[in-house]
Amino acid sequence: MSVELWSDDRLNRKQEGQWLVQFLTSKYAVLEAEHSKNYVLNVNAEWGFGKTYFINNLAEELKEKKHVVVCFDAWKNDFSENALLSFIAEINEELTNQGLLSATDGKLAGIARSMKNAALPLLGGFFTKQLFGMSLDSVEALFEKEQESEGASVTGAEQSGLSKDITTVASSISTKAAELALKEYQTTKNAIGHFRENLRLLVEGLEGSTPFKAPLFILIDELDRCKPSYSIQLLETIKHLFNVEGVYFIVATASEQLSHSINAVYGEKFESKRYLNRFFDQEYSLKSLDKEEYCNFIWSKYLPDETVFIPALQDNIKSESTINIGLLSKVAEHMKAGLRDIEQAVKLLYAIQLTQEKTDYLFSLPLFYIIILKIRHPETYPYFKNEWQGNIFNQSIGQKFPNFQREKFDLNTAYKGKVDYKIGESMKLFCDPNTKLYTSDSFPHRGIGMSAKSLKEEIEIGLYLANGKRDSKLIKDFSNYIQIVEQAGQLS
């Protein structure tokens with residue numbers, strides 16, 4: 001096998017994929033059940049949840065079980081103004097690539113070729129529309145441009161006559177276009193029936209003694225990223241042209257985003273979710289991830305070789321990268337940030353990583369705090385940016401920032417390292433000018449191997465050890481951190 005299934009599965013999707021394959025193939029095997037004969041499944045997950053990875057591996061799992069699988073990337077094809085054109089062209093190519101047109105079973109190969117031929121009138125109709133789908137103004141403009149290019153010199157009377165001739169010719173073309181449109185409609189109607197019948201025969205052939213099995217699977221990815229008009233066309237194509245027994249569709253979408261796309265076409269009051277239910281028989285939602293799992297995934301994606309962000313919460317067992325991933329997830333939990341917020345945060349960290357000198361180190365906890373506050377709570381971030389130097393974390397209950405924390409934050413969130421570092425308390429100590437960033441000359445030798453007497457001492461020891469490894473190049477001026485975040489934050 002050329003593809004190693006579920007390699008690098010950081011989001012633990014393998015079990016879900018294998019379960020879904022078992023469900024789909026077992027469902028089709030219950031042939032006496034009416035609902036088993038054709039089927040459209042929506043695989044729903046937010047952007048960034050690994051839908052494409054899931055769909056690609058699902059396709060390989062199905063191919064391993066000898067099913068014919070057609071994969072269609074809707075977003076790569078939405079440059080076409082005609083969803084049917086791009087969809088049928090892709091299916092023909094996939095059937096060719098998977099050997100159906102040259103199958104050892106002569107009957108099956110013949111059916112596949114017939115299906116390909118049946119698609120030609122559908123594609124031809126599209127080109128007819130492109131050729132004759134001009135308004136009278138467009139045709140007249142075309143004639144005028146042609147006349148200018150020939151450098152013709154005509155009198156006013158001749159020009160008037162020419163204009164009439166153009167209108168007559170344009171009207172004639174328009175009449176011809178109408179005749180062709182009627183003919184095209186009938187041709188298309190017949191071609192659709194012929195195409196569907198050959199598709200049905202193809203599936204029937206798969207159920208015979210061939211190397212392949214039914215059902216035929218068609219997997220569609222990135223539909224929610226397409227132009228709304230293209231998404232709707234493609235859904236209509238699935239519903240009306242490919243509603244054939246033995247054809248199973250799996251459509252990966254961010255359903256909420258797709259609903260917004262449909263509302264963009266039909267209006268905000270349009271019941272887009274009910275509209276989508278017309279096309280999908282069922283929906284399978286990929287499991288939501290916990291924040292640490294997702295932080296690990298997204299960090300590995302953007303920051304695998306990160307060297308700039310330094311955790312002050314040192315640990316002899318965990319790597320600095322592991323500590324940073326844990327801290328990022330805990331800051332996100334503290335601020336009740338979602339997975340999309342985490343992705344945006346890591347993209348900003350990536351921008352900072354690319355633009356920082358490799359020796360300009362930054363403490364990770366305050367940087368994560370500032371970035372996620374900016375992304376998740378933009379209404380409070382400006383206040384924090386302007387007031388933190390006034391020891392904002394020491395404000396008493398009743399003032400703006402403590403009230404906001406109590407309403408919006410999970411104050412009990414703690415990173416569990418050598419001790420439990422409560423995120424809010426740790427940030428308070430970072431911002432406190434009484435928390436020292438010692439150098440080797442100024443550090444009070446109280447025995448680094450000894451347990452710290454307080455969280456403040458634990459953080460001070462961590463600051464000292466982290467700084468010592470970088471030749472004392474770390475700074476504790478958070479106004480610098482805010483400037484760095486502000487600069488990177490101009491990327492949206």
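**Cavity and pocket in a predicted model**

Colleague: What classes of residue make up the lining of the largest cavity?

Modeller: Four nonpolar, two polar and two charged residues. Bear in mind that this is a predicted model.

Colleague: Why does Gly462 count as polar in that lining?

Modeller: Gly462 is one of the lining residues. Gly is placed among the polar residues, so Gly462 counts as polar. Tyr421 also lines the cavity, and Tyr counts as nonpolar.

Colleague: What makes Ile461 a lining residue of the largest cavity?

Modeller: A lining residue has an atom within 4 Å of a cavity point. Ile461 is listed in the lining, so Ile461 has such an atom. Ala312, Lys418 and Glu458 are also among the lining residues.

Colleague: Which helix gives the most to this lining?

Modeller: Helix α18, residues 455–469, with three residues. The cavity has a volume of about 40 Å³. A search of the whole structure finds one cavity of 30 Å³ or more.

Colleague: Why is the other space called a pocket?

Modeller: A pocket is an open set of points, whereas in a cavity the probe cannot get out, so the names differ. The largest pocket holds about 770 Å³ of space. Of its 28 lining residues, Gly48, Tyr302, Arg340, Glu343 and Lys347 are the closest to its centre. Helix α13 gives the most to that lining, with six residues. By class, the lining has 10 nonpolar, six polar and 12 charged residues.

Colleague: Why be careful with residues 126–140?

Modeller: pLDDT stays under 50 there. Where pLDDT is low, the predicted coordinates should not be read in detail. The mean pLDDT of the chain is 80.

Terms used: Residues numbered from 1 in each chain as written. Predicted model: local features only at pLDDT ≥ 70, side-chain atom pairs only at ≥ 80, totals over all residues. Heavy atoms only, no water. pLDDT = per-residue confidence, 0-100. Contact = heavy atoms within 4.5 Å. 1 Å grid on protein atoms, 1.4 Å probe; cavity = no way out; pocket = protein on both sides within 12 Å on 5 of 7 lines; lining within 4 Å. Points joined across faces, edges and corners; volume = space filled by probe spheres on them. Helix = DSSP H or I, 4+ residues; strand = E, 2+ residues; numbered from the N terminus.
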